[in-house]
Amino acid sequence: MIRIKRSLFPILLLCSALTQAQSKFNGNFEVLDSTGNPEGWNLRIKTQSPYIVKLDSTIKLQGKYAISITDSAGADYGGINFKINKRFKGKQLMLVGNLKTQNVTGGFAGIWMRTDGINGKSVGYENSENQALTGTNDWKEFMIQLPYDGREIVAINVGAVLAGKGTVWVDSLRLYLDEKPIDEAREQQANIYQALKDTVLNQNSGIDAIPLTPSTQKNLSLLGEVWGFLKYHHPAVANGDYNWDAELFRVLPEVLSCRTDIQVSQVMEKWVDKLGKVPPCADCKTQPSLATIAVRPDYGSLFKNKIFSKTLSAKLDYILKNTNITTNYYVGGLINIRNSSFLHENKYADKKYPDAGLRLLALYRYWSMIQYFCPNRELTTEKWSTILPAFIPQVIKADNEHTYVKAMVKLIASIHDSHAFIESEVREQDLGRYRLPFDAGFVGDQLIVTSSLKETFDLTKNLTRGDIITAINGEEVQSLINKYLPITPASNHGTALRDMTSVYLRRGIDSTFNLQIIRNNVPMTVVQQGLEISKVNDVYLQSHKPAYQLINTGIGYVYCGAYKNTMLDSIKTKFKDTKGIIVDMRGYPVDEMERTFVAYFKPDSSIFAKFTGRSISNPGMFTYEESAKTGIKTTDYYKGKVVVLVNENSQSNSEFVTMALQSAPNTTVIGSSSAGADGNVTPISLPGAITTWYSGLGCIILTALMLNVLE
C-alpha cells in the first residue's frame, strides 16, 4: 500500500459524505438552506468530538460568507464536505480553494477531494497537505487534482479540513472537470448491463453436490480455465452482457454429465459459440517491446490439452489473438491503470456454507483473478497453473463451512503474499475468541516473549519479557510452525513466523493456555489465562518510540511510525551537526516520506523504483511503466551517513520508503528480511462472506540492494 495518502484522512473521510447531492456546486457558501447552513454542505464530517464549524460573515474573501473551522478539546480533526452523486464525461478533476489560518499547529489546514466507485469504495484521494499550511496566514489559494473516469466513478466529494489546533477559514472553492466548472460538465449515463437483469441464480448455484472422479476433476480444471479466460478475454462478457457466475452454473451440469472427452469438448465449444463471434482486430498483433515486459500471460493447459477439438482450440486461439477490450464489466482500476479492482462480483455473503457450485466458483474466481491480474504470480512457490486442479477436490469435499473456509485459507496462502489478509466470520470462530495477553516474536525458530504485563498482574504466575516458549497446550513450537506454515499467507519465512504468532500461536478457543517455557535457563510450566481479544490491548505495558531524538551528540534517530512532515524542519536543525542518522523503518509510516523526508538526504532527483502495469486488452501481461522518483537538485542536503533499520515488521509503505532511501548516497540498510509486500492492495470478495487481498501493484527497486542480514 505504497500510495496511502498522508495520515488517516482518506480512511476517515470515507464516512463523511452523508449530504444529498445538489444541482449546483455551492463552493462560495452563498446559497443557504432552510436551517441557515450552506446548501449541500455537511459541516460535521466527524460526528464524535467534532470541531467547531460555522458560517462566518465577518472574515471572508468574497461575497457574504466563509466557513470557519476551529479545533475542539479532545478531537483530532474536523472539516466540511460537499458530495456530488453524478457521473460525468471527463478525465481530470481540479479543486481550487482559498484558506486563511490562525495559529494552526500540530497538523495542517487544507482542501481535499475524493472520488468513489460503484462499490462505494474510494477510487482516488488527494489533499493539500504537501503544501503544509500551518501557523497564521492571510488568504492563500490552493489547487489539487485527481484523475477521473465516469465509467468507474459515481460520486465526487470535496471539502476542507483542519488537523491539529487553531482555526481555518475557507472561501471560494471551485471545482473543475477538464478545466470547465463542474456545473457545466456533461453527465454520463450509467450503462444498463444485461448481466444485472439475470438474477435467477443470484442466491445459489442449484448444485448441492459434485461427484468427483479423476475424469471429472480433469474436466473441472479445464472448465475453470475456460471460464476465467472468457471472463477476461471475450468482449461479450467484458461488455456485461452475461452474468458470468450464472453462466458457469448453467454449463456445469452439462460438463458433469459428459462421459467422453469428445462430449466435454462439444459442450464447451457450444458454450463459446453462445457468446457470439469476436470482431477481428487489425492491431492486436502489436506486442510490447521485450525490454518492457515484466510478466507474460500464462494460460495453463488451455492451449495444450488433448481433450479440446481442433475447432474449439482454434476458436479460443482466435479470441486470444483478437482481444481488443478497453473496459471490462468485471475489472475496474481504470483510473490507475497499474492496479486493478474487481467489480460486479456477487459476494453471496449470506451463505456461510456455500453449495458445491458456489464453492467451485470461489476457487475459479480467485484463481482467475490471480492468473490474469496479479503482477507477482510467477513468484509463487508452486506454478500457479497447478493450483487450480490441486484445490478442486478440497473445495468440493468441504463438508461444512469450517472445512470450506480452511480450504480457502490454504488457497490464499499459496500466493505467498504478506498482503493476503483474510476476513471471515467463520475463520474468526475457528481461531477462537481468546488471546494470550502479551506480545511474542521469533528469534530464529525460538518464540520469545517481547512484552511484559502491567504491574497489577502477578508476574510470578505469568510470562514476562525474555521467556522462551517451547510448547503450547502440549504441542512443541516447532511442530506448530510446521502445522501453520501452509496456511499462513506470507512472502517469506520470517514474515510467516511474525503473522503466525498473533493469528495462531497466541490465540485459542479455550481461555486457558498451558505453556512450557524456559526462564533464565530453567524449564517450567505456566498456566496462562487468555483474555477476550477486545480486552487484550488494555493489559500491555505500552512503549512509545520517539519520532526523533539525538542518541548522542553525533548520531540522530528517526522512527517512521511517529514521524510527521511537520517535524522535518526541526529534525534538520537538530541533526545539522551529526555524523550520521539512524532511520528506523521497523514500523508503518504515519506520514508520506518518500517525497519529503527522503529528499533531505539527496543532492538531486533520481528514479529509485519502477512499477508494472496490467493490461485489460491482454490479461496476464504486465509491462514496466511509470517510475518512482524522489529528491530535488540542491546543495542543502544531509551529507552524513544514513543507516536504515528493517525487519519483518517493515512492510508495504515502509519498504517503499526504504527503497527510496537507498537511492541516497551514504545509505546502508541493515537488519533482517522485510515483509516482502510492497505495492497497493487489491481486495477480492469470495462466496461465504470471505474477503481477502493481494499486492495488486508490481514494483521493482532500481537502486543497488544493500541489505546486511543479521542473524
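Okay, let's start with one residue: leucine 411 sits in helix α9, residues 401-413. By helix I mean a DSSP run of H or I with at least four residues, and by strand a run of E with at least two, numbered from the N terminus. Before going on, a caution: this is a predicted model, so local features need pLDDT of at least 70 and side-chain atom pairs count only at pLDDT 80 or more, while totals for chains, interfaces and linings use all residues. Residues are numbered from 1 along each chain as its sequence is written, and side-chain values use heavy atoms, with hydrogens and water left out.

Back to our leucine. Is leucine 411 buried or exposed? Its relative accessible area is 0%, so leucine 411 is buried. The cut-offs are under 20% for buried and over 50% for exposed, with partly exposed in between, using a 1.4 Å probe and protein chains only. What does leucine 411 touch, leaving aside neighbours within four places in sequence? Leu363, Tyr366, Trp384, Ile387 and Phe391, where contact means heavy atoms within 4.5 Å. Alanine 238, on the other hand, is 173 residues from leucine 411 in sequence and 26 Å away in space, C-alpha to C-alpha.

Now the cores. A nonpolar core here is a set of buried Ala, Val, Leu, Ile, Met, Phe, Trp, Tyr and Cys residues joined through side-chain atoms within 4.5 Å. The largest one has 106 residues, and Leu223 and Leu230 have the most contacts inside it. Helix α7, residues 356-373, gives the most to this core, with 13 residues. Leucine 223 touches Leu248, Val251, Leu252, Val255, Met268, Trp271 and Tyr364, not counting residues up to four places away in sequence. Another core, of 37 residues, lies apart from that one, and includes Trp41, Ile111, Leu133 and Ile182.

On to a pair of helices. α11 (477-484) and α12 (493-505) pack at about 100°, with axes 10 Å apart. Axes are lines fitted to C-alpha atoms, for helices over the stretch in contact, and angles run from 0 to 180 degrees between N-to-C directions. α11 and α12 are therefore roughly perpendicular, a label that covers 65 to 115 degrees; under 35 is roughly parallel, over 145 roughly antiparallel, and the rest oblique. Leu480, Ile481 and Tyr484 of α11 meet His493, Leu497, Met500, Tyr504 and Leu505 of α12.

Next, strands, which pair if DSSP finds at least two bridges between them. One open sheet has four of them, in the order β10-β25-β24-β30, with antiparallel pairing. β10 (293-295) and β30 (698-701) each have a single partner strand, so they stand at the edges with one side left without a neighbour in the sheet. From one strand to the next, the twist averages 45°. Four bridges join β24 (606-614) to β30, and phenylalanine 611 stands opposite cysteine 699 in β30. Helix α15 (653-661) lies across β24, β25 (622-630) and β30, at about 135° to β24.

Last stop: some parallel strands. β23 (580-584) and β26 (641-646) run parallel, joined by five bridges, and isoleucine 582 stands opposite valine 643 in β26. β26 is also joined to β27 (667-671), again in parallel and by five bridges. Leucine 645 has isoleucine 670 of β27 as its bridge partner, and valine 646 has glycine 671. Which residues of β27 point to one face and are buried? Thr667, Val669 and Gly671, while Thr668 and Ile670 point to the other face and are not buried.
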